[in-house]
Amino acid sequence: LGNEHKDVRFAAAHSVAAIFEEFGETCAPAYRTGELSKLFLLYTESLRHEEQVQDNLRGMKSTSNTKTQRLREDFRIVDDWESREGVAMALRRIAELGALKRPELPLLFTFLCNRGLGDERLEVRQEMAGAAI
């Protein structure tokens, strides 16, 4: 889901959604909830890397602006938006297929309201909005 090529992310997302649709009736609810949680975790982990770098920068104390600037240049903030978009694509396709069960809807909407719809990348927000509709 986190591949650099959008076509690969799209195909992976559709594969994940197909699994939800195909095995939706035969999987235990706990298993399905666990798989949804894995998608949410992948999204969150792709944010955590970026947040961790920012937290490290905020934690630095310096009396000199030039020293702070030099330290900031030593860090590269990595935005793994591709993984977040892949998760959003999967959630959107799962929703489009009607593959979610009623007990899973609050999980999805809680995630969308707390995280997904507020993503900083337009591409991710658009896919999340599609999942919400």
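The secondary structure of this predicted model consists of six helices and zero strands, so that, under the definition of helices and strands as DSSP runs, the chain reads α-α-α-α-α-α along its sequence. Of the 133 residues in the chain, 31% count as buried. The surface that the chain exposes comes to about 8400 Å², and carbon and sulfur atoms supply 52% of that area. When contacts between residues at least 6 apart in sequence are considered, 73% of them join residues at least 24 apart.

**The largest pocket**

The largest pocket holds about 190 Å³ of space. Its lining is made up of V16, I19, F20, F23, C27, Y31, R32, E35, K38 and L39, and when these residues are sorted by class, seven are nonpolar, none is polar and three are charged. Two helices, α1 (6-22) and α2 (29-59), each supply at least two residues of the lining, and the largest share, five residues, comes from α2.

**Two buried residues**

L39, one of the residues that line the largest pocket, is found in helix α2, whereas S83 is found in helix α4, which spans residues 81-96. The table sets out the relative accessible area and the contacts of each, leaving aside residues up to four places away in sequence.

| Residue | Relative accessible area | Contacts |
|---|---|---|
| L39 | 7% | L1, V16, V87, L91 and I94 |
| S83 | 7% | L1, G2 and S46 |

L39 counts as buried because its relative accessibility of 7% falls under the 20% cut-off. Among the residues that L39 touches is V16, which also appears in the lining of the largest pocket. Another of the contacts of L39 is L91; these two residues are 52 apart along the chain, and their C-alpha atoms are separated by 8.3 Å.

Why is S83 counted as buried? The relative accessible area of S83 is 7%, and buried means under 20%, so S83 meets the criterion. The side chain of S83 is joined to the side chain of D80 by a polar contact of 2.9 Å. Beyond its neighbours within four places in sequence, S83 is in contact with residues that include G2 and S46. L1 is likewise in contact with S83, and L1 is also touched by L39.

Note on methods
Residues are numbered from 1 along each chain as its sequence is written. This is a predicted model: local features need pLDDT of at least 70, side-chain atom pairs count only at pLDDT 80 or more; totals for chains, interfaces and linings use all residues. Side-chain values use heavy atoms; hydrogens and water are left out. On a 1 Å grid over the protein atoms alone, a cavity is a set of points where a 1.4 Å probe fits but cannot get out, and a pocket is an open set with protein on both sides within 12 Å along at least five of seven lines; lining residues have an atom within 4 Å of a point. Grid points are joined across faces, edges and corners, and a volume is the space filled by probe spheres set on the points. Helices (H or I, at least four residues) and strands (E, at least two) are DSSP runs, numbered from the N terminus. Ala, Val, Leu, Ile, Met, Phe, Trp, Tyr, Cys and Pro count as nonpolar, Asp, Glu, Lys and Arg as charged, and the others, Gly among them, as polar. Buried means under 20% relative accessible area, exposed over 50%, partly exposed in between (1.4 Å probe, protein chains only). A polar contact is a pair of N or O atoms within 3.5 Å; within protein, one must be able to donate a hydrogen and the other to accept it, and residues adjacent in sequence count only if both atoms are side-chain atoms. Contact means heavy atoms within 4.5 Å. Accessible areas come from the Shrake-Rupley method with a 1.4 Å probe; for residues, only the protein chains shown count as cover.
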